[in-house]
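Trainee: Before we discuss anything, could you put the sequence and the structure in front of us, please?
Mentor: Here they are, and afterwards you may ask how each term is justified.

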Amino acid sequence: MIEIGLAGKPNAGKSTFFKSATLIDVAIANYPFTTIEPNVGIAYVRTRCVCRELGIECGKCVDGWRFIPVKLIDVAGLVPGAHEGRGLGNEFLDNLRQAEGIIHVVDASGSTDEEGNEVGVGEHDPVEDVKFLREELDMWLFGILKRNWNKIARRIHLERRDPAKFITEQLAGLGFEEWMVKKALRVVGKGVHEFSDEDLKVFAKELRKVRMKMVIAANKADKAPDELIKRLLSLDETVIPTSAYYELALRLASKNGYIKYLPGDEDFEVLKPLNEKQKRLLDDIRAFMKKYGGTGVQKAINTLVFDVLGYIVVYPVEDENKFTDSKGNVLPDAFLVKKGTTVRELAYKIHTEIGESFIYAIDAKRKVRIGEDYELKHNDVVKIVSAK
């Protein structure tokens, strides 16, 4: 399952974002370090189910929308100097290394300072928070590299090791792949034994850029001055105006039967009579959704998974004519795989033995045989034929 980290300074609304995406009860309060231990829950990406295209009912989607689980990790708030162990920095950064992608929850309203303490709306520049997280991650990676760099460089030089391969081995556990290290080394453009501290910082920054893909959730956008939202949107980043508070209100209202709403919808339908306070809140939420095309929570998750990390959805089946598994369940599984994944690699994801005994596959939509090197496309439905 894909793991997504929720990052940001204290009191930016990470825990509210987490609860609105997972409906797990977590501590939510307007003071720093509400979250001490990481909260881990299941959120979902939303995608059009292929059943509508095929003209069948799968029973696995809601109004034609398929919700596919991803793991969400809400870690402790990050404060300046975290890479040196300040605050809960070491724990924060250690928890983040598990994540394949990061949603950086930023207080777009500028109503909390760099430490997460409350100030007046617009008194803090949220653009500084975006820069700050990048710099903390860069310095954290620099610190890891710096500790053993002389030894690493010496061994590469004396033992004539492949630099990218050897450095990748040294970074085991941080999720780096050899191609990432090669790309970062090319940017520096020097032999590793020639690296100065500044070169090492550039190397760390490039590693972060290629490994820690990120979406900015410009949270508290419901009370943010327009000029701050514009400043965030002008960054060379993927920025989604967001109100986790509004999303949570909608999720709870839907759960209690007051409205009809699916996460990611751009509007909702009222189902029960409301009191004046409830009407006012829902009117405010509707105006926000109209302005931004939703609350931003589901959009942030979807954008990270599909657009930034490059995932697609595929549906393995055992009967290519009925689109079912061996028990007759229609389109029982939806797999998230990276663009470029081959059908044989999908076989390994389903089960190692199926991958090892792979013979061929069938494109269930077109009813044609496909080979092991066929690159899967979004909403492909495939039957894998193996010797097992």
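Trainee: Is W149 buried or exposed, and how do you know?
Mentor: W149 has a relative accessible area of 4%, and buried means under 20%, whereas exposed means over 50% and partly exposed lies in between, with a 1.4 Å probe and protein chains only; W149 is therefore called buried. Please keep in mind that this is a predicted model, in which local features need pLDDT of at least 70 and side-chain atom pairs count only at pLDDT 80 or more, while totals for chains, interfaces and linings use all residues. Residues are numbered from 1 along each chain as its sequence is written, and side-chain values use heavy atoms, with hydrogens and water left out.

Trainee: What makes W149 and F195 an aromatic pair, and why is the pair called stacked?
Mentor: Rings of Phe, Tyr and Trp (its six-membered ring) pair if their centres lie within 6.5 Å, and planes under 30 degrees apart count as stacked, over 60 as edge-to-face and the rest as tilted. The centres of W149 and F195 are 5.2 Å apart with 20° between the planes, so the pair meets the rule and is stacked. The pair links distant parts of the chain, with W149 in helix α4 and F195 in the loop between α6 (178-188) and α7 (197-211), 46 residues apart; helices are DSSP runs of H or I with at least four residues and strands are runs of E with at least two, numbered from the N terminus. F195, with a relative accessible area of 11%, is buried.

Trainee: Why is the pair of F288 and Y292 called tilted?
Mentor: The angle between the planes is 55°, with 4.9 Å centre to centre, and this angle falls between the stacked and edge-to-face limits, so the pair is tilted. F288 and Y292 are four residues apart in helix α10 (residues 276-292), which means that about one helical turn separates them. Both F288 and Y292 are buried, and ring pairs link them with Y245 and Y246 into a cluster.

Trainee: How do you know that R48 sits over the ring of W65?
Mentor: The rule asks that NZ of Lys or CZ of Arg be within 6 Å of the ring centre and within 35 degrees of the ring normal. The charged end of R48 is 4.0 Å from the centre of the W65 ring and is listed as sitting over it. K201 likewise lies over the face of F142, at 5.4 Å from the ring centre.

Trainee: Why is C51 in no disulfide?
Mentor: A disulfide is a pair of cysteine sulfur atoms within 2.5 Å, and the nearest cysteine sulfur to that of C51, belonging to C49, is 3.6 Å away, so the rule is not met. C61 is also in no disulfide, with the sulfur of C58 as its nearest, 3.6 Å away, and by this rule the count comes to zero disulfides.

Trainee: What makes β10 and β12 edge strands?
Mentor: In the open sheet with the order β10-β9-β13-β11-β12 and mixed pairing, β10 (335-338) and β12 (368-370) each have a single partner strand, so one side of each is left without a neighbour in the sheet. Two strands pair if DSSP finds at least two bridges between them.

Trainee: How do you know that β11 and β13 pair?
Mentor: Five bridges join β11 (residues 358-363) to β13 (residues 380-386), which run antiparallel, so the requirement is met. In one of these strands, β13, S386 is the bridge partner of F358.
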